[in-house]
Each structure stands twice: as C-alpha cells, then as structure tokens.
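Biologist: Please take me through the structure shown below and justify the terms used for it.

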Amino acid sequence: MSGNIRLLNDTLAAAEDEGRSALIAYLPAGFPTVDGGIEAVKAAFAGGADVVEVGLPHSDPVLDGPVIQTADDIALRGGVRIADVLRTVREAHAATGKPVLVMTYWNPIDRYGVERFTAELAEAGGAGCILPDLPVQESALWREHAAKHDLATVFVVAPSSKDQRLREITAAGSGFVYAASLMGVTGTRVSVGEQAADLVRRTRATTDLPVCVGLGVSNAEQAAEVAGFADGVIVGSAFVQRMLDAADEAAGLAAVRDLAGELARGVRKGSSHGR
C-alpha cells in the first residue's frame with residue numbers, strides 16, 4: 001500500500017489555487033488519551049484545518065516548548081506507543097480523507113526500524129513525516145524508504161540556515177518545507193515577525209516546494225500575518241493549550257474545532273502570499 005504524498009501535494013495546491021495559505025494543525029498522539037487524540041485530530045479538520053501533523057511524543061523534545069512537553073508527558077505516562085501514533089493517523093485519515101503527517105524525532109524511528117515504520121505509516125494512510133532533527137546528509141536511508149512508499153519527507157529550516165544550506169535541505173525534501181519562524185522552541189508568541197518573512201523569501205529562492213511557517217502562531221491575526229507571505233501556517237501549541245485549559249474532553253474538542261475555525265478564517269484574510 002502506498003502513502004498519501006499526492007493527497008498532501010494536491011491539498012496544498014488547492015489552497016494555492018484558492019489564493020490562500022493552507023492551515024496545518026499539530027496535535028500530539030495519545031493526548032489526552034489515544035482515543036481523545038484521534039478525536040482532536042478530527043475536530044481540527046472539522047474546524048477547517050487542511051492538514052494535520054500528529055506528534056509522536058518523545059521524552060526529550062528538542063524543538064518543543066513547555067505546552068507541548070506537558071501534553072507529551074501526559075501521553076507518555078498514559079503509555080502511548082508508536083502503534084498508537086499509527087492508529088491515530090489511520091483513523092483520522094479514514095474518517096476525513098484528509099492528509100495526516102507524523103512529526104517525530106529521529107531516535108524512535110531508528111529504533112523501530114526505518115523500513116518497518118515507513119511501510120506501516122503508508123499502510124495507515126499517512127502522507128509523510130516531518131523530521132526536525134534528522135540531518136539531511138544522514139537522511140538517505142529514510143528518503144529511500146519514504147519515496148518507495150509515497151511518503152513526503154519534510155525538513156525544517158531555521159533563520160540561522162545559510163543560503164547554501166537551504167539549497168541542500170530543500171533539494172532533499174518533499175511535500176513542503178517547514179520554516180521555523182524564530183530561533184528557539186515551539187510556543188505562542190506575541191509577534192511572528194520579520195525573521196519569518198525573510199526566511200520564507202530565502203527558502204523560496206531555492207525550491208518550488210510550498211514553504212509553511214510554524215512556531216509562534218496562536219490566533220487569527222497572526223495567522224493572517226503569516227498567510228501574507230507563506231504557503232502554509234502551522235499551529236501547534238495554541239491547540240494543545242486549549243485542550244489543557246478545557247474542563248473536560250468534550251470542551252477540549254470543541255475548543256480545538258473553534259480555534260481551527262478562527263485560524264481558517266485568518267489564513268483566508270491574509271491571503272496575498274503569491275510567489
């Protein structure tokens with residue numbers, strides 16, 4: 001069975017055709033429970049997300065700020081496993097027909113087995129993987145198996161990335177490029193700002209892949225700001241915070257759906273991101 005990179009590509013192209021940025025939501029698997037996490041992904045899609053990244057909880061999250069670390073901790077204490085992450089992808093994609101990616105650090109995949117992980121992710125209907133800590137020069141084995149199974153390989157670029165490095169990273173990636181809008185860990189920010197716009201401009205000079213911006217967006221105004229210059233707006237911590245703040249799971253799911261709706265309106269407001 002092949003993965004859904006084409007669905008991801010088509011979804012991003014459809015947003016481009018509408019003259020707007022895509023809305024990409026991030027939610028960790030297993031939070032607040034495995035079943036609750038699956039429902040949260042469905043709620044994000046129901047609210048208006050175009051794509052969802054399912055986080056594979058990790059005990060040593062390099063990129064994730066305190067909000068996502070809290071959710072990861074809850075998921076890990078609940079005993080979440082890679083099988084649960086794959087089940088989350090399978091059920092969310094089956095229920096919605098939308099593209100679902102996995103965002104994970106390299107170590108869990110390395111231990112699970114690259115061939116096994118890519119085959120199972122494709123079988124689950126996954127569209128690909130975002131690998132924030134896998135160096136491009138060490139990614140050949142992963143990329144070979146991902147390509148074999150029609151899975152996107154999304155790499156992360158940062159404001160510190162030099163132009164030559166950007167060329168190396170974007171040449172190796174597929175699906176889209178994840179532009180981290182600022183140095184540091186995930187979390188909501190007051191302003192997403194100039195650094196992100198400059199990074200998108202420099203990244204676009206090296207590739208035809210869509211460039212999607214993450215780290216810092218938490219409301220419709222910021223989504224509109226980023227949509228003014230990026231092909232996609234990635235939001236994670238704000239969704240997780242809404243669930244952490246909710247009185248119960250039903251309220252958390254409603255909050256995720258509502259936030260996705262607000263952000264979906266935001267990306268449509270700021271839709272002057274043409275190349």
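Modeller: In this predicted model, the lining of the largest pocket has seven nonpolar, three polar and two charged residues.

Biologist: Which residues line the largest pocket?

Modeller: Leu56, Pro57, His58, Ser59, Leu76, Val80, Arg81, Ile82, Val85, Asn107, Pro108 and Arg111 form the lining. Two or more of these residues are given by each of helix H4 (82-96) and helix H5 (106-112). The largest share, three residues, is from H5.

Biologist: What makes a residue of this lining count as charged?

Modeller: Asp, Glu, Lys and Arg count as charged, and the lining includes Arg81 and Arg111; these residues therefore fall in the charged class.

Biologist: How much space lies in the largest pocket?

Modeller: The space amounts to about 310 Å³.

Biologist: Why are H3 and H11 called oblique to each other?

Modeller: Helix H3 (residues 66-77) and helix H11 (residues 237-245) pack at an angle of about 55 degrees. Roughly parallel requires an angle under 35 degrees, and roughly perpendicular runs from 65 to 115. The angle of about 55 degrees fits neither range, so the pair is oblique. Their axes are 9 Å apart, and the crossing of H3 past H11 is left-handed.

Biologist: Why is Gln195 called partly exposed?

Modeller: Gln195 has a relative accessible area of 41%. Buried would need a value under 20%, and exposed one over 50%; 41% lies in between, and Gln195 is therefore partly exposed.

Biologist: Where is Gln195 placed?

Modeller: Gln195 is in helix H9 (residues 193-204). A distance of 23 Å separates its C-alpha atom from that of Ile68, 127 residues apart along the chain.

Definitions and conventions: Residues numbered from 1 in each chain as written. Predicted model: local features only at pLDDT ≥ 70, side-chain atom pairs only at ≥ 80, totals over all residues. Heavy atoms only, no water. Helix = DSSP H or I, 4+ residues; strand = E, 2+ residues; numbered from the N terminus. Buried < 20%, exposed > 50% of the residue type's maximum accessible area, 1.4 Å probe, protein only. 1 Å grid on protein atoms, 1.4 Å probe; cavity = no way out; pocket = protein on both sides within 12 Å on 5 of 7 lines; lining within 4 Å. Points joined across faces, edges and corners; volume = space filled by probe spheres on them. Axes fitted to C-alpha atoms, helices over the stretch in contact; angles between N-to-C directions. Parallel < 35°, antiparallel > 145°, perpendicular 65-115°, else oblique. Left-handed = near helix turned anticlockwise from the far one by under 90°.
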